Structure formats: structure tokens, C-alpha cells
Amino acid sequence: MTSKKVIELFYDVVSPYSWLGFEVMCRYRTVWNIELKLRPTFLGGIMQGSGNKPPGLVPNKFLYMTKDLNRLSEYFNVPLRSPSDPFEAMFQKGSLNAMRFVTAVQEKGKGGDEQVERVSRELWRRIWYEDKDITEPASLSEAGIKAGLSDSEIKELLELSNSKEIKNKLKSSTQNALDYGAFGFPLVVCHLNGKPEMFFGSDRFELMAHCIGEKWLGPLPDKPAAKL
Ligand SMILES: N[C@@H](CCC(=O)N[C@@H](CS)C(=O)NCC(=O)O)C(=O)O
């Protein structure tokens with residue numbers, strides 16, 4: 001077997017399309033000959049750094065996206081449901097605290113990427129299914145408990161989330177994504193013969209598979225689907 005192709009997935013739990021991309025990449029990790037690197041990042045910084053604006057701010061796009069996400073939820077088998085006040089959840093409350101927490105889990109947690117995966121999924125489930133807060137320490141704690149972290153680990157990781165080290169790590173991941181040319185999420189970067197190829201969106205997997213020499217088998221390659 002040839003050596004695994006490295007694929008980086010840049011995401012933010014405020015982004016529903018990132019959730020779709022994340023679940024698909026996690027499913028394909030054992031189907032394609034790839035090494036998946038999870039890159040928790042801050043979408044607000046990407047918007048600011050690239051001069052882009054969230055698509056949901058254009059009223060007709062917002063209406064379309066609401067429909068689109070309902071259809072995609074079923075197609076991808078990811079339990080997505082819009083928050084009751086999407087503007088408050090996405091633009092007023094945002095995801096800075098949540099992404100600092102995920103960064104702390106990745107940098108200092110003892111559970112490796114598996115733990116990052118579980119914590120990220122729990123945060124998505126809160127904001128994009130249960131219509132719950134992801135900004136307060138108590139909310140991040142609940143997500144951490146559900147993801148299997150102990151109370152003492154969570155306490156330590158929450159404290160670390162506010163450290164300079166973790167804040168800077170999240171900033172540098174955001175800068176890495178901008179350097180690849182990011183303007184939104186999810187962003188998948190496939191390293192092919194030492195060259196990064198960037199794909200934006202959760203609707204580019206067929207093309208990505210073609211470019212990396214793998215087969216796209218649809219959103220559920222390993223039925224029965226992992227229970228989310
Ligand atoms: N067509 C893409 C849309 C992805 C998307 O709209 N992502 C949002 C965040 S949830 C974004 O960053 N958009 C930037 C843009 O559309 O310019 C998909 O199906 O995944």
C-alpha cells in the first residue's frame with residue numbers, strides 16, 4: 001500500500017456545512033488511504049482575514065440555506081436542525097470560546113484526535129441540533145462530559161482555553177487556513193506530492209476523490225452509518 005495522503009480538515013463548530021464535511025471525512029478515514037488531520041479553527045477570523053461575509057447575511061441565501069441544510073441532513077445522515085435564533089447563535093454568540101476549548105482539548109487533552117472528534121461532535125450537536133448554548137463554561141463542560149472527559153480534565157482544559165498559548169494556537173491555525181486561501185468552511189487541504197490542493201465546502205467530495213485517486217462512494221461509505 002502506498003503511503004497515506006495527508007488531508008487537513010479546517011472547521012468551526014458554528015458552521016453547519018463543516019459538520020457535514022467533518023462526518024464525511026471521519027467516515028472516509030477508514031475507507032480511503034488517508035491520514036486525516038483535524039484542524040479546529042475560528043471561522044470569524046477567516047471571514048475577517050479574507051474580507052468575506054457569512055452567506056447567511058444575504059436574506060435569499062439564508063432562506064435557501066435553511067432548506068438546503070434540511071435536505072442535506074437527511075442525505076448525509078447528520079442530525080442538523082437550525083437553532084431557534086440562528087443570528088443570535090451564529091453571529092452574536094459565535095464560537096470563539098468553543099473553538100478555544102476544542103483547541104485546548106487538541107493541544108493538552110490526553111485523548112488525542114479521537115477526543116477532539118468527540119468534543120467537536122458534541123458541540124455541533126448542541127448548537128445545530130439541540131438549540132443549546134456553546135459559549136458558557138457550563139455548556140462546554142456538558143459537551144466535554146458527553147464526550148467522555150472527566151470533571152477534572154474539563155476544569156483544567158477550560159482554564160487553559162483562556163491562556164495565551166491556546167489563544168495563539170487558534171490564531172495560528174486560522175492563519176494557516178488563510179495562507180492556504182480560505183474564505184469559508186469547511187476547508188479540506190489534500191497534500192498531493194508535497195503540493196497542497198484546497199477544496200471549499202461539503203459538496204466537493206466527488207471531485208476531491210478524483211484528484212486524490214480514490215473512489216467517492218456517497219456520504220455513507222461504510223453502512224450502517226456510525227450512530228451520531
Ligand atoms: N456549498 C458549500 C457551502 C458551504 C458554506 O456555505 N459554508 C459557510 C460556513 S457554514 C461559509 O463559510 N461560506 C463562505 C462563502 O460561502 O463564501 C457546501 O455545500 O458545503
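Start with the largest cavity, which has a volume of about 40 Å³. Keep in mind as you click around that this is a predicted model. A search of the whole structure turns up 1 cavity of 30 Å³ or more, so to speak a short list to work through.

**Stop one: the cavity**

Select Glu 122, Arg 126, Glu 130, Glu 142, Ala 143 and Lys 146, and you have the lining of the largest cavity on screen. Now colour helix 6 (112-128) and helix 7 (137-146): these are the elements that give two or more residues to that lining. Helix 7 gives the most, with 3 residues. What is the make-up of this lining by class? There are 5 charged residues, 1 nonpolar and no polar ones.

**Stop two: the ligand**

Next, pick the ligand and show what surrounds it. You should find 14 residues, and the closest are Ser 15, Asn 52, Phe 185, Ser 202 and Asp 203. By class, this shell has 8 nonpolar, 5 polar and 1 charged residues.

Now zoom in on the individual contacts:

- Asn 52: a polar atom of its side chain lies 2.8 Å from an oxygen atom of the ligand.
- Phe 185: here the backbone is what to look at, with an N or O atom 2.8 Å from a nitrogen atom of the ligand.
- Ser 202: again go to the backbone, where an N or O atom lies 2.6 Å from an oxygen atom of the ligand.

How much of the ligand does the protein bury? Taken alone, the ligand exposes 500 Å², and the protein buries 82% of that. To see which elements take part in the shell, select helix 1 (16-28) and helix 2 (43-50), the elements that give two or more residues to it.

**Stop three: the largest pocket**

Switch on a surface and stay where you are, since the space taken by the ligand is the largest pocket. The pocket has a volume of about 950 Å³. Its lining counts 39 residues, and those nearest the centre are Ser 15, Tyr 17, Pro 55, Met 65 and Phe 185.

Which elements give two or more residues to this lining? Highlight helix 1, helix 2, helix 3 (59-76), helix 4 (86-93) and helix 10 (205-212). Helix 3 gives the most to the lining of the largest pocket, with 7 residues. Colour the lining by class and you get 21 nonpolar, 10 polar and 8 charged residues.

**Stop four: two backbone details**

Go back to Phe 185 and step on to Pro 186. Is the peptide bond between Phe 185 and Pro 186 cis or trans? The bond is cis, with omega near 0°. Pro 186 itself lies in the loop between helix 9 (164-180) and strand 3 (187-192). Recall that Phe 185 is also the residue whose backbone N or O atom lies 2.8 Å from a ligand nitrogen.

For the last selection, take Asn 77, in the loop between helix 3 and helix 4. Check its phi: the angle is near 55°, a positive value in a residue other than glycine. Both of the helices that flank this loop give two or more residues to the lining of the largest pocket.

Definitions and conventions
Residues are numbered from 1 along each chain as its sequence is written. This is a predicted model: local features need pLDDT of at least 70, side-chain atom pairs count only at pLDDT 80 or more; totals for chains, interfaces and linings use all residues. Side-chain values use heavy atoms; hydrogens and water are left out. A residue is near a molecule or strand if one of its heavy atoms lies within 4 Å of it. A polar contact is a pair of N or O atoms within 3.5 Å; within protein, one must be able to donate a hydrogen and the other to accept it, and residues adjacent in sequence count only if both atoms are side-chain atoms. Accessible areas come from the Shrake-Rupley method with a 1.4 Å probe; for residues, only the protein chains shown count as cover. On a 1 Å grid over the protein atoms alone, a cavity is a set of points where a 1.4 Å probe fits but cannot get out, and a pocket is an open set with protein on both sides within 12 Å along at least five of seven lines; lining residues have an atom within 4 Å of a point. A molecule sits in a cavity or pocket if more than half of its atoms lie within 2 Å of its grid points. Helices (H or I, at least four residues) and strands (E, at least two) are DSSP runs, numbered from the N terminus. Ala, Val, Leu, Ile, Met, Phe, Trp, Tyr, Cys and Pro count as nonpolar, Asp, Glu, Lys and Arg as charged, and the others, Gly among them, as polar. Grid points are joined across faces, edges and corners, and a volume is the space filled by probe spheres set on the points.
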